[in-house]
Amino acid sequence: MQKASKKNKQALASCKELTILPPAKKKEENREDFVELLPPEVSFKIFSELDIQSLCKAAMTCKSWNRAIENSDHLWKHHCLTVRAVCQREIDCDRGNGYSWKVTLLRNYWKSKVKHEWLSGKYSNIHSRCGLPEKSMYPMDADTWGEILEAELER
């Protein structure tokens, strides 16, 4: 039994050797990853130019990009402040409760999209539930629905 265990360890060790890239290949691979090569400030500047969908996709590209994006709460701040134009009360409440910019954005992004459409009157002339698009509803609190009803009454 001890011989089988020793053989398994040897096989595992040789398997690991096959998956480890030679040093020259590792350097070549890292040259393609600007996050590994550039100062963090430069990577931050590049990522800060992305829209929210692109930023989320970039975070899924590779581990180093994910680390850079996930560890930089300020990348999410700009997008969160844009959402705040529609969901000021919700954003301010979440930030007051200690949520990060990213979590605050994730908690309020779709709500802001739906709320904006309702407030802009997109659904003012809908006569039945069947006339509403699929993504026209989102769980919202009574204050938000109050804002929407006030906007409808003013139209």
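Here is a walk through this predicted model, from its overall make-up to a kinked helix, the cores packed around that helix and a pocket beside it.

Let's start with the big picture. The protein has ten helices and zero strands, so reading the elements from the N terminus gives α-α-α-α-α-α-α-α-α-α. Of its 155 residues, 25% count as buried. If you take contacts between residues at least 6 apart in sequence, 53% of them join residues at least 24 apart.

Now find helix H9, residues 101-119, since much of the rest of this tour comes back to it. H9 has a kink of about 40°, and the kink is centred on Asn-108. Quite a few residues of this helix are buried: Trp-101, Lys-102, Thr-104, Leu-105, Asn-108, Tyr-109, Lys-111, Ser-112, Val-114, Lys-115 and Trp-118. Lysines are on that list too, namely Lys-102, Lys-111 and Lys-115. What lies over these buried residues? The cover includes helices H5 (52-59), H6 (63-70), H7 (74-84), H8 (88-96) and H10 (142-154). Once you run off the end of H9, look for Gly-121, which takes a positive phi of about 90°.

Stay with Asn-108 at the centre of the kink for a moment. Is Asn-108 buried or exposed? Asn-108 counts as buried because its relative accessibility is 2%, under the 20% cut-off. Leaving aside neighbours within four places in sequence, Asn-108 is in contact with Val-83, Cys-87, Glu-90, Ile-91 and Asp-94.

Pick up Glu-90 from that set and look at things from the other side. Glu-90 sits in helix H8 and, at 6% relative accessibility, is buried as well. Setting aside residues up to four places away in sequence, Glu-90 touches Asn-108, Lys-111, Lys-115 and Thr-144. Lys-111 and Lys-115 are both among the buried residues of H9.

Next, the nonpolar side of the story. In soluble globular proteins, nonpolar side chains tend to be buried together. Here the largest nonpolar core has 18 residues, and the members that touch the most others are Phe-47, Ile-69, Trp-76 and Leu-105. Helices H3 (34-37), H5, H6, H7 and H9 each give two or more residues to this core. Leu-105 is a good place to see H9 meeting its surroundings: beyond its neighbours within four places in sequence, Leu-105 is in contact with Ile-52, Trp-76, His-79, Cys-80 and Val-83. There is also a second, separate core of five residues, including Val-114, Tyr-123, Met-140 and Ile-148.

For another view of the packing, go to Leu-55 in helix H5. Leu-55 has a relative accessible area of 0%, so it is buried. Its contacts, apart from neighbours within four places in sequence, are Phe-47, Leu-50, Ile-69, Leu-75, Trp-76 and His-79. Three of the names there, Phe-47, Ile-69 and Trp-76, are familiar from the residues that touch the most other members of the largest core. From Leu-55 to Trp-65, ten residues along the chain, the C-alpha separation is 9.9 Å.

Compare that with Leu-81, in helix H7. How exposed is Leu-81? Leu-81 is partly exposed, because its relative accessible area is 40%, and that falls between the 20% and 50% cut-offs. The C-alpha atoms of Leu-81 and Asp-92, eleven residues apart in sequence, are 10.0 Å apart.

Towards the end of H9 you come to Trp-118. Its relative accessible area is 13%, so Trp-118 is buried. Trp-118 and Ile-148 are 30 residues apart along the chain, yet their C-alpha atoms are separated by 6.4 Å. Ile-148 is one of the residues of the second core.

Last stop: the largest pocket, which holds about 170 Å³ of space. Which residues line the largest pocket? The lining is made of Ile-52, His-79, Thr-82, Val-83, Val-86, Tyr-109, Ser-112, Lys-113, His-116 and Glu-117. H7 and H9 are the elements that give two or more residues to this lining, and H9 has the largest share, with five. By class, the lining has four nonpolar, four polar and two charged residues. Some of these residues have come up before: Ile-52, His-79 and Val-83 are also contacts of Leu-105, while Tyr-109 and Ser-112 are among the buried residues of H9.

Key. Residues numbered from 1 in each chain as written. Predicted model: local features only at pLDDT ≥ 70, side-chain atom pairs only at ≥ 80, totals over all residues. Heavy atoms only, no water. Bend = angle between axes of the 7 residues up to and from the residue. Helix = DSSP H or I, 4+ residues; strand = E, 2+ residues; numbered from the N terminus. Buried < 20%, exposed > 50% of the residue type's maximum accessible area, 1.4 Å probe, protein only. Contact = heavy atoms within 4.5 Å. Core = buried A, V, L, I, M, F, W, Y, C linked by side-chain atoms within 4.5 Å. 1 Å grid on protein atoms, 1.4 Å probe; cavity = no way out; pocket = protein on both sides within 12 Å on 5 of 7 lines; lining within 4 Å. Points joined across faces, edges and corners; volume = space filled by probe spheres on them. Nonpolar A, V, L, I, M, F, W, Y, C, P; charged D, E, K, R; others polar.
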